[in-house]
2 protein chains.
Amino acid sequence: MVFQQRVKMSDVARTAGVSVATVSKVVNGRYGVARATAERVQQVIHELGYEASLGAQSLRSHRTNVLGILVAEFEPFSTELLKGASQEVAGSGYQLLAYSSGDGEGAAVGWERRSLARLSGTLIDGAVIVTPTVVETENSFHVVAVDPHTGPSDLPTVDSDNFAGAVLATNYLLSLGHTRIGHISGRSDLKSAQLREAGFRSAMAEAGVPVDERLVRVGGFRIESAAGTAAELLSLIDRPSAIFAGNDLSAISTMTVARDMGLCVPNDLSVIGFDNVPESALVNPPLTTIMQPLQRMGAEALRLLVDLIAGVERDTHIRLPTELVIRSSCRPLR
Amino acid sequence: MVFQQRVKMSDVARTAGVSVATVSKVVNGRYGVARATAERVQQVIHELGYEASLGAQSLRSHRTNVLGILVAEFEPFSTELLKGASQEVAGSGYQLLAYSSGDGEGAAVGWERRSLARLSGTLIDGAVIVTPTVVETENSFHVVAVDPHTGPSDLPTVDSDNFAGAVLATNYLLSLGHTRIGHISGRSDLKSAQLREAGFRSAMAEAGVPVDERLVRVGGFRIESAAGTAAELLSLIDRPSAIFAGNDLSAISTMTVARDMGLCVPNDLSVIGFDNVPESALVNPPLTTIMQPLQRMGAEALRLLVDLIAGVERDTHIRLPTELVIRSSCRPLR
DNA sequence: GACCGACTCGAAAACGTTATCGATACCGAT
DNA sequence: ATCGGTATCGATAACGTTTTCGAGTCGGTC
């Protein structure tokens with residue numbers, strides 16, 4: 001527990017025999033300091049292990065070179081995005097900070113939002129938000145949203161083609177001969193959830209197959225409530241022969257529920273998911289699903305954010321393609 | 001892209017008709033301001049949506065109420081810890097920030113360490129570190145290490161009983177009749193990896209079973225290199241009948257390698273892991289493993305950190321128990 | 001040999017907050 | 001009335017940086 005005095009710019013200045021102003025210039029690579037001086041200062045900085053104080057920097061220059069990524073929770077989906085973003089940040093000269101809004105807590109929500117705003121406004125230059133909670137466009141700093149919340153906000157976004165993906169999934173099930181297809185949708189305030197349901201309905205209509213409204217239900221955003229919804233669906237007398245789950249997590253929990261009810265996937269029930277989180281390849285049976293390039297989405301979001309801050313003109317809505325990944329959780333009817 | 005001026009303390013002070021000093025007092029709940037004034041100020045704060053500037057706060061008071069948790073990478077292990085920590089932080093009045101050191105990049109390592117130090121010294125009050133990279137005890141702020149790196153550092157730590165867990169695993173394999181047991185150990189600079197190997201050897205010795213040195217190898221810390229090690233092990237003419245992998249990730253990749261080589265787990269090869277990350281329940285076959293209470297470890301680490309900062313006297317080395325979780329990846333020999 | 005420009009450098013103000021400490025107001029008691 | 005003592009409040013000096021701008025130096029040119 002050694003207490004070590006933090007070495008500050010004035011320390012560097014003193015030992016190098018120059019003023020703090022000069023040190024600051026050297027640190028930031030500004031013009032106007034002689035070659036020899038700069039090298040000497042660099043030397044001292046290195047020896048003393050000087051690090052700029054983020055607080056002071058932020059206070060004075062309103063720039064910290066730190067970016068944030070805000071996730072609702074650390075689940076597989078956001079973890080993949082995190083990975084992508086943290087890889088992308090490497091060369092950019094920025095530092096990445098992740099924080100979780102701790103969603104799901106009811107009472108604490110005000111507190112969370114406050115401290116969130118506190119971070120945002122003051123110590124990060126911009127943020128990627130991956131959370132269904134309301135976004136505050138009112139802020140003066142840059143944000144880009146991944147898989148954005150519904151609403152009239154025109155935030156820069158990156159998402160994947162949810163509609164097309166849902167069509168892909170539904171058509172696949174249809175091509176296997178299924179017609180009684182159930183859909184467990186995600187939380188309805190997510191644009192992606194709406195689009196997936198829309199894609200599902202559109203594909204069904206296209207195929208001339210009526211959708212039984214009792215078979216499309218919204219699963220909670222929590223894994224447990226998805227299980228509840230799945231159980232309801234599978235308890236129907238004329239239960240569906242296939243289920244298109246709104247995301248892999250609910251697909252996985254559907255499979256678990258099915259197994260618990262004595263149903264065999266894929267023999268008695270086909271299940272297809274959405275996202276292609278790493279877990280979906282591991283479960284038994286391996287889950288057929290729609291791939292979103294999660295890591296790439298994280299990376300794109302970060303790059304977009306960096307560009308926005310740098311002020312480069314570019315398209316601020318990125319939509320990445322989805323893809324059908326066939327594994328073993330679906331099979332032809334009969 | 002509306003630019004909104006950040007509302008500062010002086011704004012609040014002006015509209016409330018008091019001085020900034022007073023506002024500061026009511027914000028921090030200090031003694032010495034009249035009831036009525038405090039309420040009025042609170043009101044104004046609310047109306048204007050005032051949030052303190054972290055930068056200024058940190059600069060002036062060296063206290064930010066923000067804690068950090070540093071992970072090497074966002075893999076299942078650290079993600080579980082993250083969850084635990086972020087749940088624990090909720091009531092504590094602190095805000096939690098996660099950052100990844102982006103380990104594995106060779107060249108950038110200097111840069112990472114620098115910016116890391118920058119964050120540490122200046123904008124967070126303490127940190128939980130979950131990374132095998134060298135820890136800097138030299139700092140003046142509080143850290144607690146989870147699953148610490150080896151070395152003479154006497155940092156506050158929380159870990160699980162790795163030795164006992166390894167004994168548990170080995171004895172289980174032994175009790176199944178296995179004697180040719182392989183061990184894939186983790187990166188050798190992790191104390192936990194050393195302890196697991198030690199536990200393995202101890203249990204073997206206790207049972208009077210000699211360990212074949214060709215069967216204990218260190219797998220890289222990456223999942224791919226673990227696969228390489230597993231392949232070597234399984235290619236031996238007298239290959240082991242069981243493998244105790246140093247962690248679940250290498251156990252899982254061992255199972256994959258085994259399958260690719262035409263070996264059936266558990267019929268031809270028993271595999272046991274360590275950690276009990278969520279993935280281990282999902283893989284096929286479900287992995288028998290040693291459970292560490294990961295989320296609880298994260299929570300304990302955070303609580304310890306908070307206590308340390310608060311200056312409460314307490315035990316600074318927490319060791320949580322491990323447990324054998326029997327699933328389907330092991331079976332009796334023959 | 002005076003002057004001009006280019007080049008280096010440092011003094012000082014500002015960023016938004018907290019902490020100290022003196023000023024003021026008010027009260028009851030002498 | 002005067003006084004001591006409490007409440008309550010506000011000026012002000014930090015905290016460590018960045019940035020502006022004026023001062024100083026030096027070499028070269030008429």
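In this predicted model, strands β9 (residues 270–275) and β10 of chain A pair in the parallel sense. The pairing runs over 4 bridges. One bridge partner can be named: A:Gly273 is matched with A:Thr289 in β10(A). Strands of a sheet pair through backbone hydrogen bonds, either parallel or antiparallel.

Both strands belong to an open sheet of 6 strands in chain A, with the order β7-β6-β8-β9-β10-β12. Its pairing is mixed. The edges are formed by β7 (216–218) and β12 (323–325) of chain A, and each of these pairs on one side only. Neighbouring strands are turned by 20 degrees against each other on average, direction ignored.

Helices of chain A pack against these strands. Helix α8 (residues 191–206) touches β6 (181–185), β7, β8 (242–245) and β9 of chain A. The direction of α8 makes about 165 degrees with that of β6(A). Helix α10 (residues 248–260) of chain A lies across β6, β8, β9 and β10. This helix runs at about 155 degrees to β9(A).

In chain B, B:Asp248 is part of helix α10. The residue is buried yet has no salt bridge. The nearest side chain of opposite charge belongs to B:Arg327, 5.7 Å away. A salt bridge would require a distance within 4 Å. The side chain of B:Asp248 does make a polar contact of 2.6 Å with that of B:Thr289. Leaving aside residues up to four places away in sequence, B:Asp248 also touches several others, including B:Gly273, B:Phe274, B:Asp275 and B:Asn276.

The backbone has some unusual points. Most residues other than glycine have a negative phi, and most peptide bonds are trans. B:Asn276 departs from this pattern, with a positive phi near 60 degrees. The residue sits in the loop between β9 and α11 (279–282) of chain B. B:Asn276 counts as partly exposed because its relative accessibility is 21%, and buried would mean under 20%. B:Asn65 also has a positive phi, of about 60 degrees. Its place is the loop between α4 (54–61) and β1 (66–71) of chain B. B:Asn65 is partly exposed, at a relative accessible area of 29%.

Cis peptide bonds occur before prolines in both chains. In chain A, the bond from A:Asn284 to A:Pro285 is cis, with omega near 0 degrees. A:Pro285 lies in the loop between α11 (279–282) and β10 (288–291). In chain B, the bond from B:Val265 to B:Pro266 is cis, with omega near 5 degrees. B:Pro266 is located in the loop between α10 (248–260) and β9 (270–275).

Definitions and conventions. Residues are numbered from 1 along each chain as its sequence is written. Chains are lettered from A and ligands numbered from 1 in the order in which they are written. This is a predicted model: local features need pLDDT of at least 70, side-chain atom pairs count only at pLDDT 80 or more; totals for chains, interfaces and linings use all residues. Side-chain values use heavy atoms; hydrogens and water are left out. Helices (H or I, at least four residues) and strands (E, at least two) are DSSP runs, numbered from the N terminus. Buried means under 20% relative accessible area, exposed over 50%, partly exposed in between (1.4 Å probe, protein chains only). Lys and Arg count as positive and Asp and Glu as negative; His and the chain ends are not counted. A polar contact is a pair of N or O atoms within 3.5 Å; within protein, one must be able to donate a hydrogen and the other to accept it, and residues adjacent in sequence count only if both atoms are side-chain atoms. Contact means heavy atoms within 4.5 Å. Two strands pair if DSSP finds at least two bridges between them. Axes are lines fitted to C-alpha atoms, for helices over the stretch in contact, and angles run from 0 to 180 degrees between N-to-C directions.
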